[in-house]
Amino acid sequence: MSGRAQLMWDEEVTGYDFGAGHPMDPVRLALTMRLVQAYGLDRAVRVVAAKPAGESTLRLVHGQEYIEAVRRASAAPEAADGSYGLGTIDDPAFAGMHEASALIAGQSVGAAEDVWRGEALHAVNFSGGLHHAMPRAASGFCVYNDAALAVARLLELGAERVAYVDVDVHHGDGVQAAFWDDPRVLTISLHEHPRTLFPQTGWPEEAGGEGAEGSAVNVALPAGTSDAGWLRAFHAVVPELLAAFRPQVLVSQHGADTHVEDPLAHLAVTVDAQRAVAESCHRLAHEHADGRWVALGGGGYAVVDVVPRSWTHLVAIAAGRPVEATTPVPEEWRQEVYRRTRMDAPRRMTDGREPNWQEFGESGYDPADRLDQAILATRRAVFPHHGLLP
């Protein structure tokens, strides 16, 4: 392996634009790349623009009739077919939708290919992580499921065990659905409880289909969970399962919408904890997958204060050039933010918190604590399938 880190970037991914007023504003992608460049991280990685995913690649996950529906809506947005989830409030059709969605998917598939073939050890596509798209429908701001396509391409290339870890505030339902019956793929999702957040799935009892029991893992976190609880849950579930599963590649999704300032959810996580989880995924990839790591973006709707900082930390960690949390944000980037958004940008790469948590085993189990109840429910549902004690 080259050992080099790779950043997948094509400016045209900002064409994935549902229109004015939609929460998924593509400015979040442009501002992230500008912050990456402001720190010189684009010189510490190989920046690669992959080709859009072609039809045969898209068919690894999506049905032909759905792809054709996306193409039609892309050419004539006013005629979008709502039966495929297109032209809805969440997923308005827009001109060029197929092309922009296929381009984002191509970056994730290209990242997976290069990591598997040894062209890169780590590859980041922060424009990706569109984990809600279903085989035959758009959902939750997601048209093509680039995360599932990256995993499917790894399997096509010969991978026998792929782990997917999703820390977006929303359940990674589309990826789980794509591999529900496939024991070669371990999907782990930590998300806000389905009682209080879209897509109302991701209960601990959702543990995989027949012949793949234990391959789907869901940690349903109580609304209001903050750094200590979020990190406690991650470390109570993810490391043991990865050690038992022994993945050949780790694919992780780093939606930044767990943040306390995110307008669409109810967790209370900071950029500092998001950075800590990115560091943990990096370490776990080296411990259990020979360093092979594909890292994706995802949700995140605090498009100035949170998303660029969180994903710049992700790129920096993958590049082996972590940005210290207390580092001042470059003034030229703050000026760029104001020019584009008329909003004041944050001044440092931290929210001022030192991530701390108590390990689940060390501090025992509090039966009255809703977080510990959630952790134990997941461990009971899944761990025995992997020969682990709950």
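Strand β1, which spans residues 5-8, is covered on both of its faces in this predicted model, with Ala5 and Leu7 buried on one side and Gln6 and Met8 buried on the other. The strand has two parallel partners: three bridges join β1 to β2 (residues 46-48), and three bridges pair β1 with β3, again in the parallel sense. The register can be read from single residue pairs, since Leu7 has Val124 of β3 as its bridge partner, while Met8 has Val48 of β2 as its bridge partner. Together with helix α1, the strands β1 and β2 make a β-α-β unit that is right-handed.

Strand β4 (residues 162-166) offers a second view of covered strand faces, as five of its five residues are buried. On one side these are Val162, Tyr164 and Asp166, and on the other side they are Ala163 and Val165. Strand β5 runs parallel to β4 and is joined to β4 by five bridges, and Val162 stands opposite Val185 in that strand. Between the two strands the chain passes through helix α6 (residues 173-178), and this β-α-β crossover is right-handed. Strand β7 (residues 249-253) is also parallel to β4 and is joined to β4 by five bridges, with Val249 as the residue of β7 that stands opposite Val162.

The strand pairings described so far can be set side by side.

| Strand pair | Sense | Bridges |
|---|---|---|
| β1 and β2 | parallel | three |
| β1 and β3 | parallel | three |
| β4 and β5 | parallel | five |
| β4 and β7 | parallel | five |

Helix α10 (residues 331-341) has a buried set made up of Trp333, Arg334, Glu336 and Val337. These residues lie on the same side of α10, because the arc that they cover around the axis is only 155 degrees. On the other side of the helix, Gln335 and Arg339 are exposed. The buried residues of α10 pack against two helices, α1 (residues 27-38) and α9 (residues 307-319). Just after α10, Arg342 takes a positive phi of about 60 degrees.

The aromatic side chains add a further layer to the picture, with a count of nine aromatic pairs in the model. One of them is formed by Tyr66 and Tyr84, whose ring centres are 6.2 Å apart and whose planes make an angle of 40 degrees, so that the pair counts as tilted rather than edge-to-face, for which the angle would have to be over 60 degrees. This pair links distant parts of the chain, as Tyr66 belongs to helix α3 (residues 64-75) and Tyr84 to the loop between α3 and α4 (residues 97-117), 18 residues apart. Tyr66 counts as buried because its relative accessibility is 0%, and Tyr84 counts as buried because its relative accessibility is 18%, where the cut-off for the buried class is under 20%. Tyr66 also pairs with Tyr144, in an edge-to-face arrangement with 6.1 Å centre to centre and 85 degrees between the planes. Here too the pair links distant parts of the chain, from Tyr66 in α3 to Tyr144 in the loop between β3 (residues 122-125) and α5 (residues 146-156), 78 residues apart. Both Tyr66 and Tyr144 are buried. Elsewhere, ring pairs link Trp9, Phe126 and Trp311 into a cluster.

Two buried hydroxyl-bearing residues remain to be described, beginning with Ser215, which lies in the loop between β5 (residues 185-192) and β6 (residues 216-221). Ser215 counts as buried because its relative accessible area is 6%. A polar atom of the Ser215 side chain lies 2.6 Å from the backbone oxygen of Ala212. Apart from neighbours within four places in sequence, the contacts of Ser215 include Phe179, Trp180, Asp182 and Pro183, and also Val185 and Leu186.

Thr378 is found in helix α11 (residues 370-382) and counts as buried because its relative accessibility is 0%. A polar atom of the Thr378 side chain lies 2.6 Å from the backbone oxygen of Asn218. When neighbours within four places in sequence are left aside, Thr378 is in contact with Pro204, Val217, Asn218, Val219, Val237 and Phe383.

Methods:
Residues numbered from 1 in each chain as written. Predicted model: local features only at pLDDT ≥ 70, side-chain atom pairs only at ≥ 80, totals over all residues. Heavy atoms only, no water. Phe/Tyr/Trp six-rings, centres within 6.5 Å; stacked < 30°, edge-to-face > 60°. Helix = DSSP H or I, 4+ residues; strand = E, 2+ residues; numbered from the N terminus. Buried < 20%, exposed > 50% of the residue type's maximum accessible area, 1.4 Å probe, protein only. Arc of directions from axis to C-beta. Contact = heavy atoms within 4.5 Å. Polar contact = N/O pair within 3.5 Å; in protein donor to acceptor, adjacent residues only side chain to side chain. Pairing = 2+ DSSP bridges. Right-handed = clockwise from strand over helix to strand, strands pointing away.
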